[in-house]
Structures are given as C-alpha cells and as structure tokens.
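Student: Please take me through one part of this protein closely. I would like to look at the sheets and at what packs on them.

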Amino acid sequence: MSGVWVFNKGVVRLVENPNSERKVLIHSASNEIITSYTVLEHKLSTLGWERYYDDPDLLQFHKRSTVHLISLPKDFNRFRSMHMYDIVVKNKNYFEVRDM
C-alpha cells in the first residue's frame, strides 16, 4: 500500500496517491469507466434505480426498495469524486472509484 501518512488534529490516516487529482467511476462487473450519464443511467437501471424528475437542475435516481436518493449535477463535467463515492456507497460491490 503506497501513499502518505497525514497527521491532522490527533488523527493519523493514510492518503493514497496524494498528488492524483483525477478520479474515475468504474462499473466493477464490466471494468468499464463511466464516461457519461447515459452509461451511468443504464448501469443504475439494471440495479433497480429509477430516474426521479423532481428537480430540473439535478439528475436524480431513486431505488424503490430503499430510502436512498442519488443526486448529481445536470452537467457531467461537474461530476466529482464526492458524487462517485455516493454511488459506490449506495451500490456496494457494483462500482468503485479509482485514480486515473
């Protein structure tokens, strides 16, 4: 495991690849990089997520069997690692975030 140990306010944690700025969302089963919302919507729909059209400024997905809601910026260029990790947390074993 490579990285840098960071000490902040009494807590030590390992930061992997601290100089890596770009992250990508990967669909684990196909090892495919998610390059657009069209691709993401297809992958999410196969997992039972449905498009939610309540807010015109956001792209949202809801899964009926849960209380989870995925909210993404309308513009894919504003899709950041925090959005990626939200998808990963709500879809364990189906997506992962990697450094590019």
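Tutor: What follows goes through the two open sheets, the helices against them, and some salt bridges and surface features.

The model is a predicted one. The protein has two helices and eight strands, and from the N terminus on the elements run β-β-β-β-α-β-β-β-α-β. Along the principal axes, its C-alpha atoms fill a box of roughly 45 × 30 × 25 Å.

Take the sheet S5-S6-S7 to begin with. Its three strands lie in that order, with antiparallel pairing, and the sheet is open. The edges are held by strand S5 (49–52) and strand S7 (69–73); each has a single partner strand, so one side of each has no neighbour in the sheet. From one strand to the next, the twist averages 25 degrees. S5 and strand S6 (residues 58–63) run antiparallel and are joined by four bridges. One residue pair to look up here is Tyr52 and its bridge partner in S6, Gln60. Helix H1 (residues 37–46) packs on this sheet and touches S5, S6 and S7, with its direction at about 175 degrees to that of S7. Helix H2 (residues 81–90) lies across S5 and S7, and runs at about 160 degrees to S7.

The other sheet to consider is also open and has three strands, in the order S4-S3-S8, again paired antiparallel. Here strand S4 (32–33) and strand S8 (95–99) are the edge strands, each pairing on one side only. Strand S3 (residues 23–27) is joined to S4 by two bridges in the antiparallel sense. Ile26 stands opposite Ile33, a residue of S4. H1 packs on this sheet too, touching S3, S4 and S8, and its direction makes about 145 degrees with that of S8. H2 lies across S3 and S8, running at about 25 degrees to S3. Both helices thus appear again: H1 touches S5, S6 and S7 as well as S3, S4 and S8, while H2 lies across S5 and S7 and also across S3 and S8.

Next come the charged pairs. The whole structure holds six salt bridges. One of them joins the side chains of Lys23 and Asp99, at 2.5 Å from N to O. This pair links distant parts of the chain, since Lys23 belongs to strand S3 and Asp99 to strand S8, 76 residues apart. Lys23 has a relative accessible area of 25% and is therefore partly exposed; Asp99, at 28%, is partly exposed as well. Glu96 and Arg98 form a salt bridge at 2.9 Å, N to O. Glu96 is partly exposed at 30%, and Arg98 is partly exposed at 33%. In helix H2, Asp86 and Lys90 lie four residues apart, about one turn of the helix, and their side chains meet in a salt bridge of 2.8 Å, N to O. Asp86 is partly exposed, with a relative accessible area of 23%.

Last, the surface. Trp5, Phe7 and Val12 make a nonpolar surface patch of about 400 Å². Trp5 is in strand S1 (residues 4–8). Its relative accessibility is 60%, so Trp5 counts as exposed, the cut-off being over 50%. The protein as a whole exposes about 7,000 Å², of which carbon and sulfur atoms supply 51%. Of its 100 residues, 25% count as buried.

Methods. Residues numbered from 1 in each chain as written. Predicted model: local features only at pLDDT ≥ 70, side-chain atom pairs only at ≥ 80, totals over all residues. Heavy atoms only, no water. Pairing = 2+ DSSP bridges. Axes fitted to C-alpha atoms, helices over the stretch in contact; angles between N-to-C directions. Contact = heavy atoms within 4.5 Å. Patch = residues over 30% accessible without salt bridge, like charges linked within 9 Å, V, L, I, M, F, W, Y side chains within 5 Å. Areas by Shrake-Rupley, 256 points an atom, 1.4 Å probe, with all protein chains shown as cover. Salt bridge = Lys/Arg side-chain N within 4 Å of Asp/Glu carboxyl O. Buried < 20%, exposed > 50% of the residue type's maximum accessible area, 1.4 Å probe, protein only.
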